[in-house]
Amino acid sequence: MSASLHEMSERGARLAREALKPCLTSGARILEVGCGDGSFLQTLAADYPIQGVGVDPWVRPVKSGAVDLRALAAEAVDRLEGRFDCIFTVMSLHHFADPGRFFRAALAVAARRSRIVVVDWKHGVDTGVPERYFTLDEVSARLGHAGYQVLEAREDTWHLVVTAQPAVQRVGWL
Ligand SMILES: C[S@@+](CC[C@H](N)C(=O)[O-])C[C@H]1O[C@@H](n2cnc3c(N)ncnc32)[C@H](O)[C@@H]1O
């Protein structure tokens with residue numbers, strides 16, 4: 001029997017949690033990009049003592065507890081104030097108008113020793129939605145071109161998971 005889209009999405013959320021776990025330390029500033037209604041970030045903030053910021057062009061802005069949701073496109077995250085210990089995106093990268101520009105904008109607000117985590121459907125998966133998904137190599141290459149060093153790149157049944165860090169530590173971070 002084939003899996004439902006719900007099961008497939010749940011699997012993606014579990015993979016994201018696993019990949020994010022090392023980042024979810026006390027007080028860490030965590031940015032979710034393409035956060036939808038912010039529910040995934042809310043669950044992280046309920047389980048870990050983080051400060052969460054979520055952005056999505058179509059989110060209803062709200063600041064509640066440890067989560068601050070803002071209406072903003074991925075390609076404009078460099079407009080956010082402060083720096084983030086972890087920047088992540090779940091099942092949203094393939095929606096972004098310009099993923100390379102998003103990666104570069106994210107670099108501008110990345111803290112020292114920060115991580116970027118990308119979880120998305122992998123190329124060729126049938127989600128029932130007529131969308132084109134990236135290959136693992138495409139995501140890794142785009143991150144490399146944008147100035148990141150890929151630390152881990154792997155595929156699961158339906159998803160790809162990539163963790164990277166800024167390739168160069170900037171003077172302002174020292
Ligand atoms: C499939 S939903 C995933 C939402 C959420 N991450 C989740 O896993 O439930 C894709 C999201 O990407 C958002 N999106 C589309 N274009 C975007 C952009 N340029 N910048 C940020 N988010 C964008 C959509 O508004 C939508 O909420």
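**Notebook: a predicted model**

**R113 and M91**

I began with R113 and found it exposed, with 10 other C-beta atoms within 10 Å. For such counts I call a residue buried if 20 or more other C-beta atoms lie within 10 Å of its own, exposed if 12 or fewer, and partly exposed in between, with C-beta atoms placed from the backbone. I note that this is a predicted model, in which local features need pLDDT of at least 70 and side-chain atom pairs count only at pLDDT 80 or more, whereas totals for chains, interfaces and linings use all residues. Residues are numbered from 1 along each chain as its sequence is written.

I placed R113 in strand β6. Helices (H or I, at least four residues) and strands (E, at least two) are taken as DSSP runs, numbered from the N terminus. I then looked at the backbone of R113 and read a phi near 60°, a positive value in a residue other than glycine. Most residues other than glycine have a negative phi. M91 also drew my attention, as its phi is positive at about 55° although it is not a glycine. I located M91 in the loop between β5 and α3. M91 counts as buried, with 20 C-beta neighbours inside 10 Å.

**The sheet**

I traced an open sheet of 8 strands in the order β3-β4-β2-β1-β5-β6-β8-β7, with mixed pairing. Two strands are taken to pair if DSSP finds at least two bridges between them. Its edge strands are β3 (62–64) and β7 (148–155), each of which pairs on one side only. I noted an average turn of 15° between neighbouring strands of this sheet, direction ignored. For angles, axes are lines fitted to C-alpha atoms, for helices over the stretch in contact, and the values run from 0 to 180 degrees between N-to-C directions.

At the β7 edge, I found 7 bridges to strand β8 (residues 159–166), and the two strands run antiparallel. Within this pair, Y148 has P166 in β8 as its bridge partner. I then turned to helix α3 (residues 99–108), which packs on the sheet and touches β1 (29–33), β5 (84–90), β6, β7 and β8. The direction of α3 makes about 155° with that of β6.

I followed β5 next. It pairs with β1 in the parallel sense over 3 bridges, and L31 stands opposite I87 in β5. On the β6 side, β5 pairs in the parallel sense over 6 bridges. Here C86 stands opposite R115 and V90 opposite V119. All 7 of the 7 residues of β5 are buried, so this strand is largely enclosed by the rest of the structure. I read a like result for β6, where 9 of the 12 residues are buried, so that it too is largely enclosed.

**The core**

I looked up the largest nonpolar core and counted 50 residues, of which I87, A106 and V119 touch the most other members. Such a core is a set of buried Ala, Val, Leu, Ile, Met, Phe, Trp, Tyr and Cys residues joined through C-beta atoms within 7 Å. Strand β6 (residues 110–121) gives the largest share of this core, 6 residues. I listed the contacts of V119 beyond four places in sequence as G12, L15, A16, A19, V90, M91, H159 and V161. A contact requires C-beta atoms, placed from the backbone, within 7 Å.

**C23 and W58**

I found C23 in the loop between α1 (5–20) and β1. C23 is buried, with 22 other C-beta atoms within 10 Å. Not counting residues up to four places away in sequence, C23 touches A28, I30, D85, C86 and R115.

I placed W58 in the loop between β2 (51–55) and β3. W58 is exposed, with 9 other C-beta atoms within 10 Å.

**The ligand shell**

I ended with the 17 residues around the ligand, among which G34, G36, A74, S92 and H95 come nearest. A residue is near the ligand if its C-beta atom, placed from the backbone, lies within 6 Å of it. I sorted the shell into 11 nonpolar, 4 polar and 2 charged residues. Here Ala, Val, Leu, Ile, Met, Phe, Trp, Tyr, Cys and Pro count as nonpolar, Asp, Glu, Lys and Arg as charged, and the others, Gly among them, as polar.

Definitions and conventions
Two residues are in contact if their C-beta atoms, placed from the backbone, lie within 7 Å.
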